[in-house]
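The following paragraphs lead through the architecture of a single protein chain. The reader is invited to keep the sequence and the coordinates at hand while following them.

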Amino acid sequence: MKIFAIELSSRFGSMALLEDGRIVAEKSWEENFKNRQQLFDALAAMEIDWDGVDLFAVGRGPGAFSGMRIGFSVINSLAAPANKAVYALNSGAALAAQCGADKTVVVGDARRNKVWAGVFAGTDLVQEFELLEIDALKDLVPDDALVVSPDRDRLAELMSGFNGLDKPVYPTAGKLAELIAQRLDAGIESEPFEPLYMHPPVFIAPRFPA
């Protein structure tokens with residue numbers, strides 16, 4: 001099976017092609033947030049035969065709002081012409097796999113004095129991601145957990161109080177594709193095919209009546 005995956009939930013974007021359980025091509029880049037040319041340059045450089053891809057996958061976050069939205073749009077656009085299968089998996093699972101701990105808490109900066117966090121046993125999400133006040137994080141983190149974040153630089157003071165890595169960790173499309181292949185073999189279905197947004201939608205009333 002060939003799986004093409006995109007991961008755009010952090011400031012490092014990536015894409016990967018997995019064939020029969022092995023990564024055969026992978027690209028990554030640091031987002032400049034001015035445009036998405038890096039993404040399209042990487043797509044062109046991969047020179048993939050899209051007809052040969054069996055499944056298109058995307059990391060659903062939590063993380064960067066625009067990155068997740070674009071990731072889903074690209075995967076939908078690639079899969080739709082031939083009605084290929086799609087699959088979504090939370091990006092925290094890839095982070096947990098990259099760290100290799102028995103128990104991992106993945107944390108992100110949600111701004112407004114809040115963080116988002118989820119708890120993993122291995123790569124399985126055992127406590128769903130939730131939005132927390134910064135001071136409440138300590139109540140969520142098990143004593144024996146490794147605490148990691150793609151936003152470690154912004155959350156340095158907070159993270160210093162936990163057993164964690166001293167640098168940011170970013171989810172990769174390669175690890176995402178490997179996990180999805182394992183889950184397919186185990187008969188595990190896709191998570192909801194939509195970005196994992198942590199902030200509720202905000203309605204702003206129009207200034208003038210219609």
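Strand β7, residues 114–121, is mostly covered in this predicted model: six of its eight residues are buried. On one side β7 runs antiparallel to β6, with eight bridges joining the two strands; Asp109 has Val115 in β7 as its bridge partner. The connection is a hairpin with two residues between β6 and β7, and Arg112 in this turn has a positive phi of about 50 degrees. β7 is also joined to β8, by seven bridges and again in the antiparallel sense. Here Val115 stands opposite Leu132 in β8. β7 and β8 likewise form a hairpin with two residues between them, and Gly122 in that turn has a positive phi of about 65 degrees.

These strands belong to an open sheet of four, in the order β8-β7-β6-β9, with mixed pairing. Its edges are β8 (124–133) and β9 (146–148), each of which pairs on one side only. On average, neighbouring strands of this sheet are turned by 20 degrees against each other, direction ignored. The parallel component comes from strand β6 (residues 103–111) and β9, which pair in that sense over three bridges. Within that sheet, Thr104 stands opposite Leu146 in β9.

A second open sheet has five strands in the order β3-β2-β1-β4-β5, and its pairing is mixed as well. The edge strands are β3 (22–30) and β5 (85–89), each pairing on one side only. Neighbouring strands of this five-stranded sheet are turned by 15 degrees against each other on average, direction ignored. Strand β2 (residues 12–19) and β3 run antiparallel and are joined by eight bridges; Glu19 stands opposite Arg22 in β3. Helix α1 (residues 37–46) packs on this sheet and touches β1 (2–7), β2 and β3, its direction making about 155 degrees with that of β3.

The next topic is the packing of the interior. In soluble globular proteins, nonpolar side chains tend to be buried together. The largest nonpolar core here has 29 residues, of which Ile3, Ala57, Leu89, Val106, Phe129 and Ile180 touch the most other members. Helix α6 (residues 173–185) gives the most to this core, contributing six residues. Apart from this core lies another, of 19 residues, which includes Trp29, Leu39, Ala42 and Met46. Within the largest core, Val106 merits a closer look. Not counting residues up to four places away in sequence, Val106 touches Gly92, Leu95, Trp116, Ala117, Gly118, Phe120, Phe129 and Val148.

Helix α6 can now be examined in its own right. α6 has 13 residues and reaches 18 Å from its first C-alpha to its last, close to the 18 Å expected at 1.5 Å a residue. Its buried residues are Ala173, Gly174, Leu176, Ala177, Leu179, Ile180, Ala181 and Arg183. An α-helix has 3.6 residues a turn, so residues three or four places apart point the same way. After α6 comes Gly187, whose phi is positive, near 80 degrees.

Is Arg183 in helix α6 buried or exposed? Arg183 counts as buried because its relative accessibility is 12%, below the cut-off of 20%. Leaving aside neighbours within four places in sequence, Arg183 is in contact with Tyr87, Leu89, Ala93, Thr123, Asp124 and Ile188. Leu89 is also among the members of the largest nonpolar core that touch the most others.

A contrasting residue is found in helix α2 (residues 65–79), namely Phe65. Phe65 is classed as partly exposed because its relative accessible area is 46%, which lies between the limits of 20% and 50%. The C-alpha atoms of Phe65 and Val86 are separated by 20 Å, with the two residues 21 apart along the chain.

Taken as a whole, the protein has six helices and nine strands. Buried residues make up 45% of its 210 residues. Among contacts between residues at least 6 apart in sequence, 59% join residues at least 24 apart. Along its principal axes the C-alpha trace spans about 55 × 50 × 30 Å. The radius of gyration of the protein is 18 Å, which agrees with the value near 17 Å for a compact globule of 210 residues.

Methods:
Residues are numbered from 1 along each chain as its sequence is written. This is a predicted model: local features need pLDDT of at least 70, side-chain atom pairs count only at pLDDT 80 or more; totals for chains, interfaces and linings use all residues. Side-chain values use heavy atoms; hydrogens and water are left out. Two strands pair if DSSP finds at least two bridges between them. Axes are lines fitted to C-alpha atoms, for helices over the stretch in contact, and angles run from 0 to 180 degrees between N-to-C directions. Buried means under 20% relative accessible area, exposed over 50%, partly exposed in between (1.4 Å probe, protein chains only). A nonpolar core is a set of buried Ala, Val, Leu, Ile, Met, Phe, Trp, Tyr and Cys residues joined through side-chain atoms within 4.5 Å. Contact means heavy atoms within 4.5 Å. The expected span of a helix is 1.5 Å times one less than its number of residues. The radius of gyration is taken over C-alpha atoms; the globule rule is 2.2 Å times the number of residues to the power 0.38.
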